[in-house]
Amino acid sequence: MSTLQEKLSKFSIFALYGVTKDKSSMRFRAMLYCFMVLIVYIPLIFTTIASSVEYGNLLLQEEQDQLYTNAQGAKKILEIFMEELTSSVIFVSEEYSYEDLLDQSTASTLLVRLKKLYGGIVDLGVIDNNGIQKIYAGPFRLNEYDYSDQEWYNKVLVRRVHISEMFMGFRRLPHFVISVSHKLPGRDQYWVLRISIDGKTLEKYIATITTHTFNDIFLINHSGILQTDSDICGNVLEKCPLFVRPAKNKITVGEIEHHDIKYLKATVYIEGTPWILGLFKESYMHGEQYASFCFRLKVFFIISAALALVIIVLFVNLFANHLQKIDKEREIAMREAEHTGKLASIGRLAAGVAHEINNPLAIIDQKAGLMTDLIDFSEDFKYKDKFSTSIEGILDAVERCKVITHRLLGFARRMDVAFEHINVNDLLREVLGFLEKEALYSHINLELSLADDLPTIFSDRGQLQQIFLNIVNNGIDAIGEDGDIVLITSQRDEETIEVQIQDSGPGIPPELITRIFDPFFTTKEAGKGTGLGLSITYGLIKKLDGNISVQSEVGKGTTFTVSLPINKTREGGFT
Amino acid sequence: MNEIKLLIVDDEEEFATALAERLEIRGFMPETAFYGLDGVQTTATFSPDVVLLDLKMPDMSGIEVLEQIKEKHPAVEVIMLTGHGTGKGGADFIERGAFGFIMKPVNFNELLEKIDAAYQKKISGSQAS
C-alpha cells in the first residue's frame with residue numbers, strides 16, 4: 001500500500017508544494033485512495049464487461065437472424081429448382097408413351113432437348129417392368145443393365161416419383177437420379193423413366209446461392225453423408241462429422257465448434273428431396289467487426305481508467321488537504337480558546353492574590369516609611385546610614401511588588417469599555433509622544449508610516465493606548481540601545497485595519513514564539529519584567545475583538561501585527 | 001495647613017497607626033478608627049477635615065461608610081484607599097461623593113498631595129457656603 005501511495009503521491013500536484021503529511025494523514029489518504037479506486041473502478045470494469053457481453057449477444061442475434069434468412073432463401077431456391085426438374089421429368093413421362101420411348105432416336109432427341117433446358121442432365125433411360133434398362137441415351141454404355149436390386153428403382157415403384165440421394169452407381173461417378181414410374185396399359189406392371197443428373201450440377205447451382213454472409217453451404221442426406229463438397233465438413237459422399245438432424249419443417253440454428261473455430265450453423269430439410277441443406281458461418285468472435293469493437297473497448301477502458309486515476313488523485317489531494325487545513329484551523333482555534341481561558345482564570349487568581357498581598361504590602365510600606373521618617377527626624381546615631389539604606393532597599397522592594405500587584409489587578413479588572421470613534425493614526429502619534437524621551441535616551445529611532453485614508457475605528461481609546469504602549473515599550477526593551485521601531489498603519493479589508501510594529505531587536509527564537517503571550521512568560525532578567533505586558537496586551541486586543549500575530553527572525557527583529565475591527569462586532573471581554 | 005484634621009478608617013491596625021504616625025510627624029492631626037461603624041461615629045465626634053477610608057472592612061464596606069459620612073457630614077472630604085481593582089475606574093466612589101481614591105500600597109507623596117487638594121476643596125466649599 002505504501003509503495004502505491006508513494007507512486008500516487010508523485011502525481012500529486014500538491015506534493016510539489018511540499019504540503020506536510022504526517023502519518024495519520026497518509027493513512028487517511030491511502031484509505032481514501034482505496035475507497036475511490038473501488039468506487040470508480042468496480043462500475044467501470046462491470047460496464048466494460050457488460051458492454052462486451054451485450055454487444056456479443058447483439059451480434060449473435062443479428063447473425064442468427066441473417067443465417068436464418070439465408071437458409072430460408074436457399075431452401076426455397078433449391079425446392080423450386082428440384083420441383084421444376086421433377087415436373088419436367090413427369091411431363092416427359094406423361095407426354096410420351098412407353099412404346100414411343102422405346103425408340104432410341106426419340107429418346108436421344110428428348111435428351112438433347114432436356115439438356116438444353118437443364119445443363120446438368122447426363123443421360124436418360126427407360127426401364128421395363130423387370131428392371132432392365134431397355135433404352136439408354138447418354139455418354140455411358142448402360143443398355144440392358146439390371147436395376148431391379150437398386151434402391152432407387154424399388155422406391156420409385158412404390159412412390160411413382162423419386163429423387164435419389166447422391167450415389168456412384170454403375171458409372172462410378174457421383175450423381176443422382178430423378179425417376180418416374182407408370183403403369184403399363186392393361187397390366188399391373190410398371191415401366192420407369194429415369195434421368196440422371198451430374199453431382200457437379202447441384203454444386204454449381206448451390207454455388208450461385210452463396211454470398212459473403214456465410215462461409216459454407218452444402219447438402220447432406222438424412223444419414224449424414226455429404227451430397228455436395230463442403231469447405232468445412234469434407235467432400236461429397238463422405239460422412240459429415242458435424243451432422244445433427246434438424247427439427248422437422250423448421251430451420252434449426254445453433255452453434256458448433258470445429259477445429260477450435262466457433263461456427264453458427266443453420267440446417268433445414270429440402271422438401272421433396274432426400275436432402276438437408278447446411279449453412280455454416282464463422283462466429284462473430286472471429287469477425288473483424290467484433291475484433292475492432294474489442295480493440296475500441298480496450299482503448300476506451302484504458303483512457304477512462306487513466307482519466308479516473310487522475311481525477312481520483314486530484315480529488316483525494318484536494319479533499320485531504322482541505323481537511324488538513326480545517327483540522328489545523330480548528331487546532332489553532334482551540335489553542336486560542338484555551339489560551340483565552342487560561343488568561344481569564346489566571347486573571348481571577350492573580351486578582352485574588354494581588355489583593356491579599358496588597359494589604360500586608362501596604363503595612364510594610366507604611367512601617368518602612370515611618371522608620372525613614374523617624375530616622376530622618378532623629379539625630380545621628382550609630383549605623384544611621386546603614387538603617388537608611390536598608391529601609392530604602394525595603395521600600396524599593398515594596399515598590400517592585402506594588403508594580404506587580406497593580407498590573408495584576410489591572411489585568412483582571414473588568415472595565416466598562418467606552419467606545420468612541422478613534423483615528424488610530426492620531427492615537428499612535430500620542431503614544432509615541434509618551435515614549436519619545438525614553439527612545440531618545442536609548443538612541444532608538446521611532447518612525448511612523450501611516451496610511452492617509454485610514455478610516456476611524458469604533459473602539460476604546462484608553463485600552464488602545466495601553467495596547468500600543470505595551471508593544472512599543474516591549475520593542476524598546478528588546479532593542480536596548482541603538483535601533484529602529486517603525487509603526488505602519490493600513491486598511492486590510494472593508495472591516496479591518498492593521499497596525500504593524502516592527503522593531504530591529506534581537507528577534508524571538510521559534511521555540512519561544514508560541515509562549516510570548518503566556519502570562520508570566522518573560523525573557524528579561526529576574527526583577528526586570530513581570531511577564532504580563534504582552535499577555536495583558538493580548539487580553540485587551542481580544543476584548544476589542546481584534547487580533548495580534550507575531551513574526552520574528554533571530555538577528556533581524558520582530559514584527560507585531562495588530563488587526564482591529566472598524567466597527568464594533570460584539571460585546572466581548574473576559575475578567 | 002498642618003492644622004488639618006484627618007481620620008484614618010482601616011481594619012488593618014498596623015497600617016492605620018503607622019500612617020497616622022507618619023502624618024503626625026508632618027504636622028497633621030490624625031485620628032484612627034478600625035471599624036466602619038467606629039469610623040462613622042468618630043467622624044461625628046472628631047469632625048475631621050478629610051477622611052482616609054479603606055474600601056473593605058469586616059463590619060461595613062467602605063462604600064457604606066462613605067455614604068453615611070457624606071449624608072451626615074457633607075462638608076467632610078473622603079479619600080478612598082483600595083487594595084484591589086478600582087471597579088469602574090473609581091467612578092462609583094466619585095458618584096457617591098468621594099473626593100478621590102488611591103491604590104494601596106499608597107505612594108506617600110501622592111497621598112499628601114491628595115489630602116492637600118481635598119482640604120483646599122473643603123475650605124473653598126465652606127467659604128462659599
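# Reading a two-chain model, step by step

Author: Let's start with one residue: leaving aside residues up to four places away in sequence, Ile488(A) touches Ser449(A) and Gln500(A). Please keep in mind that this is a predicted model.

Reader: Thanks! Where in chain A is Ile488(A) found?

Author: Ile488(A) sits in strand β13 of chain A. Sequence distance and distance in space are separate things to look at. Here, Leu428(A) is 60 residues from Ile488(A) along the chain, and their C-alpha atoms are separated by 9.8 Å.

Reader: How do I read exposure, and what does Ile488(A) count as?

Author: You count the C-beta atoms around the residue: a residue is buried if 20 or more others lie within 10 Å, and exposed if 12 or fewer do. Ile488(A) has 17 such neighbours inside 10 Å, so Ile488(A) counts as partly exposed.

Reader: And what share of each chain is buried?

Author: In chain A, 29% of the 575 residues count as buried. In chain B, buried residues make up 44% of the 129 residues.

Reader: Let's go back to β13(A). In which order do the strands of its sheet lie?

Author: To read a sheet, follow the strands from one neighbour to the next. In this case 5 strands of chain A form an open sheet in the order β11-β13-β14-β16-β15, with mixed pairing. At the edges lie β11 (444–449) and β15 (547–553) of chain A, each pairing on one side only. From one strand to the next, the twist averages 15 degrees.

Reader: How many bridges join β11(A) to β13(A)?

Author: There are 6 bridges between β11(A) and β13 (residues 483–493) of chain A, and the two strands run parallel. For a pair to look at, find Leu448(A), which stands opposite Leu487(A) in β13(A).

Reader: Which helices of chain A should I look at next to these strands?

Author: Look for the strands a helix touches, then for its direction. Helix α9 (residues 424–441) of chain A packs on the sheet and touches β11, β13 and β14 (496–503) of chain A. The direction of α9(A) makes about 170 degrees with that of β11(A). Helix α10 (residues 461–479) of chain A lies across β11, β13, β14 and β16 (557–565) of chain A, and runs at about 20 degrees to β14(A).

Reader: Now chain B. What pattern does chain B follow along the sequence?

Author: Reading a chain from start to end, you note each helix as α and each strand as β. Chain B has 5 helices and 5 strands, and its pattern is β-α-β-α-β-α-β-α-β-α. Chain A, for its part, has 12 helices and 16 strands.

Reader: What is the strand order in the sheet of chain B?

Author: The order is β2-β1-β3-β4-β5 (chain B), an open sheet of 5 strands with parallel pairing. The edge strands are β2 (29–33) and β5 (100–103) of chain B, each of which pairs on one side only. On average, neighbouring strands of this sheet are turned by 20 degrees against each other, direction ignored. Within the sheet, 5 bridges join β3 (residues 50–54) to β4 (residues 77–82) of chain B, running parallel. Leu52(B) stands opposite Ile79(B) in β4(B).

Reader: Which strands does helix α3 of chain B lie across?

Author: Helix α3 (residues 62–72) of chain B lies across β1, β3 and β4 of chain B, and runs at about 160 degrees to β3(B).

Reader: How do α2(B) and α3(B) pack?

Author: For two helices, look at the angle and the distance between their axes. Helix α2 (residues 36–46) of chain B and α3(B) pack at an angle of about 15 degrees, with axes 9 Å apart. Angles under 35 degrees count as roughly parallel, and α2(B) and α3(B) are therefore roughly parallel to each other. Their crossing is right-handed. The residues of this contact divide into 4 nonpolar, 4 polar and 2 charged. Among them are Val40(B) in α2(B) and Ile69(B) in α3(B).

Reader: Finally, how many residues does each chain bring to the contact between them?

Author: Chain B brings 18 residues and chain A brings 23 residues. On the side of chain B that touches chain A, helix α1 (residues 13–25) of chain B gives the most, with 7 residues. That side of chain B divides into 8 nonpolar, 4 polar and 6 charged residues.

Definitions and conventions. Residues numbered from 1 in each chain as written. Chains lettered and ligands numbered in written order. Predicted model: local features only at pLDDT ≥ 70, side-chain atom pairs only at ≥ 80, totals over all residues. Contact = placed C-beta atoms within 7 Å. Helix = DSSP H or I, 4+ residues; strand = E, 2+ residues; numbered from the N terminus. Nonpolar A, V, L, I, M, F, W, Y, C, P; charged D, E, K, R; others polar. Pairing = 2+ DSSP bridges. Axes fitted to C-alpha atoms, helices over the stretch in contact; angles between N-to-C directions. Parallel < 35°, antiparallel > 145°, perpendicular 65-115°, else oblique. Left-handed = near helix turned anticlockwise from the far one by under 90°.
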